[in-house]
Amino acid sequence: MELPVFASLVLIIAGIWSLVVWPQFLRRVMKDPRARDSAGKATKFLTVHVVLVSMSMVLGAATAVIGVMALVQA
């Protein structure tokens, strides 16, 4: 697969962005009062957001790796 250098850089930046932004979002969600019930157990609100953040970080990492691989092959 060949991508222009610009496209490779965009993929790398997008991947890094996801890896930087999503953990901060998760920290805020975990502090949210809706994240735990009165017994301290995780709610569906927290579970959904953990899955969202996890998938977004996996996709962000994959995006960055694809960008690096394309840049190395360029």
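1. Let's start with a definition: the expected span of a helix is 1.5 Å times one less than its number of residues. Helices here are DSSP runs (H or I, at least four residues), numbered from the N terminus. At 1.5 Å a residue, the 30 residues of H2 should span 44 Å, and the end C-alpha atoms of H2 are 43 Å apart, which agrees.

2. Before you go on, keep in mind that this is a predicted model, in which local features need pLDDT of at least 70 and side-chain atom pairs count only at pLDDT 80 or more, while totals for chains, interfaces and linings use all residues. Residues are numbered from 1 along each chain as its sequence is written, and side-chain values use heavy atoms, with hydrogens and water left out.

3. Now for the other helix. H1 covers residues 5-31, which makes 27 residues. From the first C-alpha of H1 to the last is 40 Å, close to the expected 39 Å.

4. How do the two helices sit against each other? The axes of H1 and H2 come within 7 Å and cross at roughly 160°. (Axes are lines fitted to C-alpha atoms, for helices over the stretch in contact, and angles run from 0 to 180 degrees between N-to-C directions.) Angles under 35 degrees count as roughly parallel, over 145 as roughly antiparallel, 65 to 115 as roughly perpendicular and the rest as oblique, so H1 and H2 are roughly antiparallel to each other. The crossing of H1 and H2 is left-handed, a word used if the near helix is turned anticlockwise from the far one by less than a right angle (right-handed if clockwise).

5. Next, which residues of H1 are buried? They are Ser8, Ile12, Gly15, Ser18, Leu26 and Val29. Buried means under 20% relative accessible area, exposed means over 50%, and partly exposed is in between (1.4 Å probe, protein chains only). The buried residues of H1 pack against helix H2, residues 44-73. When you look at the spacing in that list, remember that an α-helix has 3.6 residues a turn, so residues three or four places apart point the same way.

6. H2 has its own buried set: Leu46, His49, Val53, Ser56, Gly60, Ala64, Gly67 and Ala70. H1 is part of what covers them.

7. Take His49 as an example from H2. His49 counts as buried, because its relative accessibility is 17%. Leaving out residues up to four places away in sequence, His49 touches Phe25, Leu26 and Val29, where contact means heavy atoms within 4.5 Å. Leu26 and Val29 are also among the buried residues of H1.

8. Ala61 is in H2 as well, but counts as partly exposed at 28% relative accessibility. Have a look across to Ala14: the two are 47 residues apart along the chain, with their C-alpha atoms separated by 9.3 Å.

9. Val5 belongs to H1 and is partly exposed, at 44% relative accessibility. Apart from residues up to four places away in sequence, Val5 touches Leu71 and Ala74. By contrast, Val5 and Val58 are 23 Å apart in space, C-alpha to C-alpha, with their places 53 residues apart in sequence.

10. Check the two ends of the chain too. Ala74 is in the segment after H2 and is exposed, with a relative accessible area of 63%. The C-alpha atoms of Ala74 and Leu3 are separated by 7.2 Å, although these residues are 71 places apart along the chain. Glu2, in the segment before H1, is exposed at 77%. Glu2 and Val53 are 51 residues apart in sequence and 30 Å apart in space, C-alpha to C-alpha.

11. Last, how many salt bridges are there? The count comes to one, where a salt bridge is a side-chain nitrogen of Lys or Arg within 4 Å of a carboxyl oxygen of Asp or Glu. Arg34 forms it with Asp32, and the closest N and O atoms are 2.8 Å apart. Arg34 is exposed, with a relative accessible area of 52%. As background, side chains of opposite charge can pair when their charged atoms come close.
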